[in-house]
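Trainee: Could you take me through one part of this model in close detail? I would like to see how that part connects with what surrounds it.

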Amino acid sequence: MVEWKQDEPGKPDKKREELKGKVIRLSDLVEYADGTVASRMVINRKCGSITIFSFDEDEGLSEHTAPFDAVVTILDGECEVWVAGTTYQMKTGETIIFPAGVPHALSAITKFKMSLVMIKEGDDGRK
């Protein structure tokens, strides 16, 4: 299991700029890597981020909380997620929202890829 930490928002990144204005397939943005978790930041702004992850079989993210809601969509493969003590099996095309402040974790059943969308600022006053 690994612990995920987000990059500093607003840093210029030529690889991210090259994605703009093009049709892309999110699952093609990060390759599988044996025995590890790989990621690629697609958007990183003060108001939120989009990151694509690939997980080798039996890899995962350890239990943690986030101060903002997180939207996870499975792009390829299967995983198991835990949200506040409840376990879900997820597969390609399925989405779950991890509520802000609620413990969650995930683990690969097969190799899998996911997108993670974090919205940091909203009309409810949270920042």
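**A close look at strand 9**

Mentor: Happy to! Read from start to end, the protein chain follows the pattern α-β-β-β-β-β-β-β-β-β. That comes to one helix and nine strands. Please keep in mind that this is a predicted model. Let us settle on strand 9, which covers residues 112-119, and work outwards from there.

Start with the sheet. Five strands form an open sheet in the order 1-2-9-4-7, with antiparallel pairing. In that order, strand 9 stands between strand 2 and strand 4. The edges belong to strand 1 (37-45) and strand 7 (95-98); each has a single partner strand, so one side of each is left without a neighbour in the sheet. On average, and ignoring direction, neighbouring strands here are turned by 20° against each other. As a reminder from the textbook, strands of a sheet pair through backbone hydrogen bonds, either parallel or antiparallel.

Now take the two partners in turn. Strand 2 (residues 48-55) is joined to strand 9 by eight bridges, and the two run antiparallel. If you want a spot to find on screen, look for Ile50, which stands opposite Val117 of strand 9. On the other side, strand 4 (residues 70-76) pairs with strand 9 over six bridges, again in the antiparallel sense. Two positions help you to follow that pairing: Thr73 has Ser115 as its bridge partner in strand 9, while Ile74 has Met114.

How enclosed is strand 9? Six of its eight residues are buried, so strand 9 is largely enclosed by the rest of the structure. For comparison with the overall picture, buried residues make up 35% of the 127 residues in the protein chain.

The side chains of strand 9 add a further link to strand 2. A search of the whole structure finds two aromatic pairs. In one of them, the rings of Phe55 and Phe112 have their centres 4.5 Å apart and their planes at 5°; planes under 30 degrees apart count as stacked, so this pair is stacked. Phe55 lies in strand 2 and Phe112 in strand 9, so the pair ties together parts that are 57 residues apart in sequence. Both rings belong to buried residues: Phe55 has a relative accessible area of 0%, and Phe112 is also at 0%. Phe53 joins in as well, since ring pairs link Phe53, Phe55 and Phe112 into a cluster.

Next along strand 9 comes a charged side chain. Lys113 lies over the face of Tyr32, at 4.8 Å from the ring centre.

Finally, step back to the chain as a whole. Among contacts between residues at least 6 apart in sequence, 65% join residues at least 24 apart. The protein chain exposes about 7,500 Å², and carbon and sulfur atoms supply 50% of that area. For a contrast with the buried phenylalanines, visit the loop between strand 2 and strand 3 (60-64), where you will find Asp58. At 60% relative accessibility, Asp58 counts as exposed. Its backbone also deserves a glance: most residues other than glycine have a negative phi, whereas phi of Asp58 is near 75°, a positive value.

Definitions and conventions: Residues are numbered from 1 along each chain as its sequence is written. This is a predicted model: local features need pLDDT of at least 70, side-chain atom pairs count only at pLDDT 80 or more; totals for chains, interfaces and linings use all residues. Side-chain values use heavy atoms; hydrogens and water are left out. Rings of Phe, Tyr and Trp (its six-membered ring) pair if their centres lie within 6.5 Å; planes under 30 degrees apart count as stacked, over 60 as edge-to-face and the rest as tilted. Helices (H or I, at least four residues) and strands (E, at least two) are DSSP runs, numbered from the N terminus. Buried means under 20% relative accessible area, exposed over 50%, partly exposed in between (1.4 Å probe, protein chains only). A charge sits over a ring if NZ of Lys or CZ of Arg is within 6 Å of the ring centre and within 35 degrees of the ring normal. Two strands pair if DSSP finds at least two bridges between them. Axes are lines fitted to C-alpha atoms, for helices over the stretch in contact, and angles run from 0 to 180 degrees between N-to-C directions. Contact means heavy atoms within 4.5 Å. Accessible areas come from the Shrake-Rupley method with a 1.4 Å probe; for residues, only the protein chains shown count as cover.
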